[in-house]
Amino acid sequence: MKTPKGLYYAETHEWVKVEDGFGYVGISDYAQHSLGEVVYVELPEENDHVTKDTEFGAVESVKAASDLMAPVSGVVVAINDDLEDSPELINEDPYENWMIKVELEDPSEIERLMNAEEYSAFCEE
Amino acid sequence: MKRTCLYQAHIALQAKMVEFAGFEMPLYYKSIAAEHDLIRENVGMFDVSHMGEFIIEGKDATPFVEALFTNRVEALNPGQIAYGFLCQEDGGVVDDLLVYKHHQNRYLLVVNAANIEQDFAWIKAHLKGEVTLTNVSDDFGEIALQGPQAATILKRAFAYDPQALAYFSFEETTLLDQPVLLSRTGYTGEDGFELYASIETTKMLWQILLDSGVQPVGLGARDTLRFEAALPLYGHEISRTITPLEAGLSFAVDLTKPFIGQEALLAQKEGSLKRRIVGLKLLGKGIMREGYPIYAGQTCVGVVTTGYKLPTQDDALAFALIDAPHHKLGTQLEVEIRQKRFPVEVRNKKFRAKKTKEKTEEKYENT
C-alpha cells in the first residue's frame, strides 16, 4: 500500500497535499484498494464551500457508494474534471488524481491530520 | 463466522473476503467487472457451498412438497428441477428455492444460505404425513460452473458430456470416481452447471477445474450477473413483505393448486397488484442504490431494491418496488440520491437477454 510522504491523511482515508495556501484532496491507495473498481465519482461544484469532517461528495465502486469526507474546510476553487469520464483513474493512481482543490481557510486543520508514518500505522491497526 | 470447505482455496487465491449470510465468502478475486465479463464471454466458477440443502423423503413427499411450494412438482419427471417459493399465508416469501425431484418419494431442496434455519423451521412446523426432513447443508459443497464454455470444460476436465442434460434437469453421476449431483442450472443468465458433492470431492473438483484453467468468480459478480439477467435476490426483490406476483415471478407460482399462500396470491391477482418490481434507468449521471426513494412529484411512490452501474451497460440501472400506476413502462419518475433528485424512467427489467439452454418440451409450463 503506497503512502507518500509529504501528504496529510484523515482517518476517513482522504489525503491533502498543501501548496501555496491551497489543499488538493484525494483518497488514499488504501481507500481505493478497499473500494475496488471505482465507477463513479460525485464532486461538489467550483465555488461550493466544504467543511472539515462533513461529506463533500461520494465515490462509488461497482458494489457500493461511500461518502467522501472533507479533511479541510474552504472554498472549492477547482475540481478534477477528468474523473467524470474516467473514474477508474482513482484506482490507477490515487495520488496523481486529486478530486478537489480547496482554498484553505484554517491552516491549523492540517496539523490535526496524520502524516504518512502515522497513517500507515493507522491502516495496519 | 462460518466458512465453506473452499475457504482455504480462496485465501490461497488472495480473494477479497466479506461476510455474507453468516459466511466468510469471496467478494472478488481480481475484479468484479472482469469476473462478470468472464462469465458472459467464457467460463468461470463460484463457490456456492454456503447454500442450504434439505432432503425430503417418504411416501407422502410429493403431496407434502406440493402443499408448501408454489410451483408444481407432481408433474415433474425424476431428474427435473422446479424454481419456486415457500410462501406465508399472506403471500409474502419465506424463501425462493430449487426443488430437485429424485422420484415421487424423494426431493432435494436448495435454499438460500441466509434462510437455512428459518426455512428448516418453517418446513418442520408444517410436516404432515409420512415424510422425513433432513438438513444436509453441512455435508455438501457446491460449485457453480457458469458461462458459454461451461459444457466444454466439463468434457475437458472430467470427460463428462452434458449434451443430453436439459436446462433445469440433473443427473447423479460420478466425476473423479466420486458421486456428484450435477444440474444444468445457475444464477447468471448463462448456460452452466451446479455440482453438488461431498466436502472432500468438492475440494478435488475445485482444484481440477482450476488446473483446467477455470478462473474463480466471487459474490460481487454473482450479484451483478443475476441483476443483469433480471433474476431476483431474496431480501431485495422478494421478501416476507414482497410477494412473487409483485416481483413479476408468476411463472413460478401455480395458482391452480392449493399451497400455503395460494388464497392470498389469488386475491392479490384478482384485485390487481398495488405495486410491482420494475426496471429503472437513470437519465443522467450517478448510480441508484438499494434503499433510495423514488418520487412522482412530491409523493414517494417506491424504493430501489438493487442498483448498479455496470461496465457492460450504458445506463445506471435498478430494480425498484413501485406503486401502481407509476410502474408502467416509460413512466418518468425521480430518484433521490444524497438529498438530490434525478430523473429516471421505468423500463423493462430484462437488461440483457438470457442465454440459458431451452427447457425440454415435457417441462411444466405455467398456464
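**Close-ups of a predicted model**

**View 1. Chain A and its buried residues.** Of the 125 residues in chain A, 41% are buried. Keep in mind that this is a predicted model. Chain A is built from five helices and nine strands. Follow the sequence and you'll meet them in the pattern β-β-β-α-β-β-β-β-β-α-α-β-α-α. With a radius of gyration of 13 Å, close to the 14 Å that the globule rule gives for 125 residues, chain A is as compact as a globular protein of that length. Its C-alpha atoms fit a box of roughly 35 × 35 × 20 Å along the principal axes. Take the contacts in chain A between residues at least 6 apart in sequence: 62% of them link residues at least 24 apart.

**View 2. Where chain A touches chain B.** Here ten residues of chain A meet twelve residues of chain B. On the chain A side, β4 (38-42) and β6 (55-61) are the elements that give two or more residues. The largest share, three residues, belongs to β4(A). Sort the chain A side by type and you get five nonpolar, one polar and four charged residues.

**View 3. Two helices crossing in chain B.** Helix α2 (residues 32-41) and helix α7 (residues 219-228) of chain B have axes that come within 8 Å and cross at roughly 55°. That angle makes α2(B) oblique to α7(B). The crossing of α2(B) past α7(B) is right-handed. Look for B:Ile32, B:Glu35, B:His36 and B:Ile39 on α2(B), which meet B:Gly220, B:Ala221, B:Thr224 and B:Leu225 on α7(B). This α2(B)–α7(B) contact is a mix of four nonpolar, three polar and one charged residue.

How values were computed. Residues numbered from 1 in each chain as written. Chains lettered and ligands numbered in written order. Predicted model: local features only at pLDDT ≥ 70, side-chain atom pairs only at ≥ 80, totals over all residues. Axes fitted to C-alpha atoms, helices over the stretch in contact; angles between N-to-C directions. Helix = DSSP H or I, 4+ residues; strand = E, 2+ residues; numbered from the N terminus. Parallel < 35°, antiparallel > 145°, perpendicular 65-115°, else oblique. Left-handed = near helix turned anticlockwise from the far one by under 90°. Contact = placed C-beta atoms within 7 Å. Nonpolar A, V, L, I, M, F, W, Y, C, P; charged D, E, K, R; others polar. Rg over C-alpha atoms; globule rule 2.2 N^0.38 Å. Buried ≥ 20, exposed ≤ 12 C-beta atoms within 10 Å, placed from the backbone.
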